[in-house]
Amino acid sequence: MNTEHVGIGLARFSDWAFTSSVVVLVAALLLLAVELAYSRGRKVESRELVGAATAATFGSGAATAATFGSGAATAATFGSGATVGADSATPGVVAAEPTRPLDERVGKAGLALVYVGIGFLLACIVLRGLATTRVPWGNMYEFINLTCFSGLIAAAVMLRRPQYRALWVFVLVPVLILLTVSGRWLYTNAAPVMPALQSYWLPIHVSVVSLGSGVFLVAGVASILFLLKMSPLGAPDTEGALTRIVARLPDAQTLDRIAYRTTIFAFPVFGFGVIFGAIWAEEAWGRYWGWDPKETVSFIAWVSYAAYLHARSTAGWRDKKAAWINVVGFVAMVFNLFFINLVTVGLHSYAGVG
Amino acid sequence: MRRLLAYARNTWRTLTSMGTALVLLFLLALGAIPGALLPQRSLNEFKVEQYIAEHPTIGPWLDRLQAFEVFSSFWFTAIYVLLFISLVGCLTPRLIEHARSLRATPVAAPRNLSRLPKHHTAEVSGGADAVAAVVSDHLRGWRRTARKDGEVTEISAEKGYLREFGNIVFHFSLLGLLVAVAAGKLFGYEGNVIVIADSGPGFCSASPAAFDSFRAGNTVDGTSLYPICLRVNDFHAHYLPSGQATSFSADIDYQAGSDLNTDSWRPYRLKVNEPLRVGGDRVYLQGHGYAPTFTVTFPDRQTRTQTLQFRPEDQITLLSSGAMRFDPPGGSYPDPDERRKNQIAIQGLFAPTEQLQGTLLSSSFPALNNPAVAVDIYKGDTGLDTGLPQSLFSLDPKLIDQKRLTKKARVNLRAGQETRLDDGTVVRFDNAVPFINVQVSHDPAQVWVLVFALTMMAGLLVSLVVRRRRVWVRLTPAGPGTVSVELGGLARTDNSGWGDEFDRLARRLLADVPGAPAVRREGHMNTQREAKADRA
């Protein structure tokens, strides 16, 4: 219906890019999950050594995957992988391994697909923006896409070391849930935004909040995995399928560090997002803060993350309690995204499905 | 007495401890949850009443617990006041400590530097003093001091003081923020008023009575509001074919300050997101709707015309409902009682773009394309003389039940159409004009809220980015022309990554020292990372 000011062709390409992104990310999730479930228990050192050298080949792997699909991608990555032994800095440690185990190849193909999926999501967002000639975060569908993109980028930065590849599974699961919800139930036709959103604060406020939310997602996942690792499931001498998977995750300290680093990045970013929102609210709604449901839950999330940072520097709160607080913050963010926009009625409701 | 003092001291210590602050933070987050889940009086009074009516058991209890005014409730106030007391109690000693540490020299080196988690030793050629000068030079930007004990020279260096500074700025800014918000609530006010866009008299914000609704802080008695007068010439709205709005703007004239004395008007285009800022106050375009115009021609040929806002019932199509009351002209009835019993009242729906299902009126589009009304016309006593307040948008149903108002007609009218009642009275629907909902806001402290929010974020960033580090260098002459260098370091905050950082620092410190061997690195993790970096 909304044909005015909208490039229909571009909007359609954007939708295709969205679908492609979801499909590719699902395939990536499957491959990475296969690796996580079937990889033999290798020693951490050897995994690290092999991984460090192959990091550089991911780029090319991703490119091939785009053209040939997943099968070709695996083959392509392995061609270059064979050179590992040669450029290892410490000869003698690496046992020359002419072929990689299958599970590792599958995992690498999965990771390559993740990057392809991120590329498609970026294309989806950019094409939306071009189609509507405005910033592509004017409704819930677009906001969730951008948040997922931020989360994926944050994960790509934080999990760039090969030994963290197993963590991608746990990042992709919530991201795919979010993308499915946004594409299936919150999809909105490309259209100009309503007058209340026509402000230069839209690009600033929403993108900053989205970036913060996406990075908090990675922090939340890391904290949940940290708690899993600290739970009886993470004990080395217990048996069971879940235990084996938990055992393949990086050690608790690493998970904790990922959670902390992402949180101290996202905390000020989200704080600025809220402040920009307050400045915009003063301009649009007549007051900078009015305890609108969205504002209230943002406040709750921010206070939770502040509590997390304080807990991290308080004796007796450092490990599990702090991680639980981080998970509470994550729950508040998710709650803010869905419940507040879709169930309650507040001033932020127009960002919903209407 | 002593026990009482001890008790007070313990209470104070508990209150200002980090654990308590954490619990209070947690309570603050928890306490805010009902504010998001339950309807709040400050946002929507009507919804609160509805909620209480729907939940007869729990509703009144929640009301007693102030769950419908969470953010002004006694318990929420108690939480944040305690939190801020705890904050001040915790931060004031730290502020004093920090001020002291700014003047203090870095602490002397521990006796055995090799016991530190990160340390390094090297043998370099050169005199102890020359090496000390080079090392000290490399520590520029650190607070450093050199101590000489016989042959041995020790350099202590410390950096990252800004971290604590940022931390303190952050927390005291929070305090400032709270004070500024409270000041705004005490001295501020905001009022809403509907102004019809017909270049009419408009309104002046000189008194609370000029507003349809007015909310003010405790110190505002309404006698010294900043006067702004405005009138609305025109209102424009643009819509997509789907009915979604793409722009709202109102052409207004306003006067404030000295303009009021000279009666000169200034034009302004008021838009959503573009409030009028004048004299520290703000005027907002908050909403819009339509005000239909009806003309009643009484049996004696006298006419009365009225334009009155209807309340939008559907925000998308702007189908609106409302009521109007007409008094017969003076002199047409000899007796005031008789005159009162012959008032005309109109109640019904207004659609900016008519869509009819039979005679059932709805609106298909929010623009004023094909205005129509579906109204009931009553004759009788509208009840306005009773002095009892009535809704602007509906007639008092009791008057209808008591037959003091009797329905004379139910009609659908388009613009310009009229209907004739039995007694010869003619009711005509002339047309409609838009009205806008204007809000005037006054908050003298909001700029301070912004200032404190920004210093808060600046302090936060500094406290997250800056890291506290201590290093010690001990130089001991180890023979003719050679010096033994011992380096030790301590990360006082943010341990992660300190290993690499120390290695880099150690290399840098000894970079220009002649004959310094390359710094050995420990642990295979580091080796990996360095190897990668070297390759890159």
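Which residue is the bridge partner of Cys204(B) in strand 7 of chain B? In this predicted model, the bridge partner of Cys204(B) is Cys229(B). The two strands concerned, strand 5 of chain B and strand 7 of chain B (residues 228-239), are paired in the antiparallel sense over two bridges.

That pairing belongs to an open sheet of four strands in chain B, whose order is 5-7-8-9 and whose pairing is antiparallel. Strand 5 (203-204) and strand 9 (266-271) of chain B stand at the edges with a single partner strand each, so that one side of each has no neighbour in the sheet.

Strand 9 of chain B is also preceded by a residue with an unusual backbone angle. Most residues other than glycine have a negative phi. Asp263(B), by contrast, has a positive phi near 50°, and Lys403(B) has a positive phi near 60°. Both are set out below.

| Residue | Phi | Loop in chain B | C-beta neighbours within 10 Å |
|---|---|---|---|
| Asp263(B) | near 50° | between helix 8 (259-262) and strand 9 | 8 |
| Lys403(B) | near 60° | between helix 10 (397-401) and strand 19 (405-414) | 9 |

Asp263(B) counts as exposed because it has 8 such neighbours, where the limit is 12 or fewer; Lys403(B), with 9, is exposed on the same criterion.

Turning to the interior, the largest nonpolar core has 185 residues, and those with the most contacts inside it are Leu32(A), Trp168(A), Val218(A) and Leu25(B). Leaving aside neighbours within four places in sequence, Leu32(A) is in contact with Gly107(A), Gly110(A), Leu111(A), Arg165(A), Trp168(A), Val169(A) and Leu172(A). Apart from the largest core lies another, of 22 residues, which includes Val131(B), Val135(B), Leu475(B) and Val485(B).

Between the chains, 43 residues of chain A are in contact with 46 residues of chain B. On the side of chain A that touches chain B, helix 2 (44-54), helix 11 (252-284) and helix 12 (293-312) of chain A each supply at least two residues, and the largest share, eleven residues, comes from helix 12 of chain A. By class, this side of chain A has 25 nonpolar, ten polar and eight charged residues.

Confidence has to be kept in view when chain A is read. Chain A averages a pLDDT of 79, and 78% of its residues score at least 70. Over residues 42-89 of chain A, however, the pLDDT is below 50, although this stretch has 69 contacts in the model beyond near neighbours in sequence. Where pLDDT is low, the predicted coordinates should not be read in detail.

Notes. Residues are numbered from 1 along each chain as its sequence is written. Chains are lettered from A and ligands numbered from 1 in the order in which they are written. This is a predicted model: local features need pLDDT of at least 70, side-chain atom pairs count only at pLDDT 80 or more; totals for chains, interfaces and linings use all residues. pLDDT is the predictor's confidence in each residue, from 0 to 100. Two residues are in contact if their C-beta atoms, placed from the backbone, lie within 7 Å. Two strands pair if DSSP finds at least two bridges between them. A nonpolar core is a set of buried Ala, Val, Leu, Ile, Met, Phe, Trp, Tyr and Cys residues joined through C-beta atoms within 7 Å. A residue is buried if 20 or more other C-beta atoms lie within 10 Å of its own, exposed if 12 or fewer, and partly exposed in between; C-beta atoms are placed from the backbone. Ala, Val, Leu, Ile, Met, Phe, Trp, Tyr, Cys and Pro count as nonpolar, Asp, Glu, Lys and Arg as charged, and the others, Gly among them, as polar.
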